[in-house]
Each structure stands twice: as C-alpha cells, then as structure tokens.
Amino acid sequence: MEPYARLTNANGMLTKPDQVIMRRISDMASWYLDVDAARRLEAADDPVVYEMLEVAPPAVAGELAFCTTTMHPGMVGDEYFMTKGHFHVDLSCAEIYYAYSGHGVLLAETESGECRLVDMPQGAVVHVEPGWAHRTYNVGREPLVFLAVYPSVAGHDYGRIETHGFSHTVVRSEQGPVLTKNPRYAPQ
Ligand code: M6P
Ligand code: ZN
C-alpha cells in the first residue's frame with residue numbers, strides 16, 4: 001500500500017495536501033515588535049514568511065490532521081520570521097512537531113503567561129501540551145520545514161493571540177536566539 005503522502009526531499013512539502021495557505025509579511029505586519037520594519041518589508045516586496053500544506057480529515061473525534069510548514073529565513077528588525085501562533089479552540093488538544101530540516105525554536109505559552117522556549121534543530125520531536133499556545137520561529141539561515149500532527153477537531157484560535165499577544169518573543173543576540181518581553185502583551 002502506498003503512503004498517503006510524502007515529504008518531498010527537495011523542499012519537505014507534503015505531496016497531496018487538501019489545503020495550502022501562504023502567509024506574507026502583510027498578513028501579520030502588526031504582530032511583529034518593530035511594526036515599521038515590517039511595513040517597510042511589506043512595501044518592498046512583501047515576502048512570503050511561511051507556507052502550510054495541510055491534510056485535514058473530517059473534524060471528528062479520534063481523527064488526526066497533519067501539516068507541513070515551510071518557513072523562510074528572515075528577520076523583521078531583530079526578530080526572526082515567525083508564525084502567527086495559536087491556541088487550539090479545543091484546549092484539551094495536544095500536538096506533535098517533527099523538525100524535518102533547518103533550525104527553529106518553538107515558543108509555548110499558557111493563558112496565564114507562563115512561557116517556554118524549546119529548541120527545534122533538525123530531527124527534534126516536540127510535544128505541545130494541551131492548553132499551551134504555540135508559535136514557531138526560523139532561527140537558521142536555511143528554510144525550516146516541520147511536520148505537525150494534531151487532532152482534526154483541535155481548531156486554530158488566532159484571535160486571542162492577535163488581541164493579547166505572547167508575553168515574550170524571540171530576537172537575535174550575540175549568544176543566539178533569546179527571549180525578550182513583548183511590550184504590547186495584554187494579560188488575559
Ligand atoms: C504547524 C501547525 C499548524 C499551523 C502551522 C502554522 O504546522 O501548528 O496547525 O497552522 O504550524 O502556524 P499558525 O497556524 O499559527 O500560523
Ligand atoms: Zn496547533
């Protein structure tokens with residue numbers, strides 16, 4: 001029996017997605033620390049930050065969805081290119097990430113603002129616990145490709161991140177990627 005889909009070696013993308021979503025700087029310029037720097041990038045060539053290829057079975061209990069995300073390398077000011085990040089609509093749902101290529105970090109945070117940074121070098125497997133919002137940064141020079149597997153009933157809640165933000169974000173330093181406080185964070 002053939003596998004349902006493959007990660008192609010060239011770019012790590014799934015071969016048979018149900019849905020493809022592309023996010024450019026313009027889709028989330030105001031989510032970065034340095035909004036002016038993001039608007040300048042938007043006005044220049046509005047680069048693609050990441051693409052998601054999702055295989056999404058019906059949203060019924062017990063089913064699993066999976067998705068590859070390909071994040072391009074880049075910076076907005078000192079902040080690395082990042083995903084929007086989300087809570088699951090169903091907070092009881094966990095998620096597993098597998099880092100296929102490149103180098104990322106995962107920022108995870110609870111509703112009360114407890115925050116963790118998890119390194120995601122090539123080959124890393126990361127467990128996102130139920131109730132934790134999650135966002136990924138490409139901290140390397142190559143594309144970051146990772147596979148995510150999650151219950152198909154999980155749902156993506158972006159609204160709370162857009163309104164409240166994460167308490168911290170990830171910026172470049174002489175020591176490498178570090179957490180810094182988000183001055184616009186509004187506790188829930
Ligand atoms: C991972 C998974 C997906 C998610 C994607 C991009 O692949 O968590 O469910 O859609 O990352 O993240 P976001 O939806 O927060 O932009
Ligand atoms: Zn998720």
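This text walks through a predicted model, from its zinc site to its pockets, its cavity and some of its strand pairings.

Start at the metal. The zinc ion (ligand 2) has four donor atoms. They come from His86 (NE2), His88 (NE2), Glu95 (OE) and His134 (NE2). These donors lie 2.0 to 2.2 Å from the ion. Along the chain, they follow the spacing H-x1-H-x6-E-x38-H. The angles among the four donor atoms run from 84 to 159°. The site is irregular, because four donors count as tetrahedral if all angles lie between 85 and 135 degrees, and the angles here reach 159°. Square planar would require opposite donors over 155 degrees apart and all others between 65 and 115.

Two of the donors can be followed into the protein. His86 has a relative accessibility of 8% and therefore counts as buried. Glu95 has a relative accessible area of 4%, so it is buried too. The cut-off for buried is under 20%.

Now turn to the open spaces. The largest pocket has a volume of about 320 Å³. It is lined by 23 residues. Closest to its centre are Met52, Cys67, His86, His156 and Tyr158. One of these, His86, is also a zinc donor. Several strands give two or more residues to this lining: strand 1 (19-24), strand 2 (48-55), strand 3 (64-71), strand 7 (95-101), strand 11 (133-138) and strand 12 (144-151). Strand 1 provides the largest share, with four residues. By class, the lining holds 10 nonpolar, nine polar and four charged residues.

The second largest pocket has a volume of about 210 Å³. Its lining has 17 residues. Ser30, Trp31, Gly165, Asn182 and Arg184 lie nearest its centre. Two elements give two or more residues to this lining, helix 2 (159-164) and strand 14 (168-173). Helix 2 gives the most, with four residues. Six of the lining residues are nonpolar, seven are polar and four are charged.

Next comes the enclosed space. The model has one cavity of 30 Å³ or more. About 40 Å³ of space lies in this largest cavity. Its lining is made of Phe87, Glu109, Thr110, Ala133, Ile161, Gly165, Phe166, Tyr185 and Gln188. Five of these residues are nonpolar, three are polar and one is charged. Gly165 also appears among the residues nearest the centre of the second largest pocket.

Finally, follow strand 7 to its partners. Strand 7 is one of the elements lining the largest pocket, and spans residues 95-101. The zinc donor Glu95 belongs to that span. Strand 7 pairs with strand 10 (residues 125-128) in the antiparallel sense, over four bridges. Ile96 stands opposite His127 in strand 10. Tyr97 stands opposite Val126, also in strand 10. Strand 7 pairs with strand 12 as well, again in the antiparallel sense, here over five bridges. In that pairing, Ser101 has Val145 of strand 12 as its bridge partner.

Strand 10 shows two faces. Val126 and Val128 make up the covered face. Val125 and His127 make up the uncovered one. The partner of Tyr97, Val126, is thus on the covered face, while the partner of Ile96, His127, is on the uncovered face.

How values were computed: Residues are numbered from 1 along each chain as its sequence is written. Chains are lettered from A and ligands numbered from 1 in the order in which they are written. This is a predicted model: local features need pLDDT of at least 70, side-chain atom pairs count only at pLDDT 80 or more; totals for chains, interfaces and linings use all residues. Side-chain values use heavy atoms; hydrogens and water are left out. Donors are N, O and S atoms within 2.8 Å of the metal (3.2 Å for Na, K and Ca); water is not among the atoms, so sites may look incomplete. Four donors count as tetrahedral if all angles lie between 85 and 135 degrees; four count as square planar and six as octahedral if opposite donors are over 155 degrees apart and all others between 65 and 115; anything else is irregular. Buried means under 20% relative accessible area, exposed over 50%, partly exposed in between (1.4 Å probe, protein chains only). On a 1 Å grid over the protein atoms alone, a cavity is a set of points where a 1.4 Å probe fits but cannot get out, and a pocket is an open set with protein on both sides within 12 Å along at least five of seven lines; lining residues have an atom within 4 Å of a point. Grid points are joined across faces, edges and corners, and a volume is the space filled by probe spheres set on the points. Ala, Val, Leu, Ile, Met, Phe, Trp, Tyr, Cys and Pro count as nonpolar, Asp, Glu, Lys and Arg as charged, and the others, Gly among them, as polar. Two strands pair if DSSP finds at least two bridges between them.
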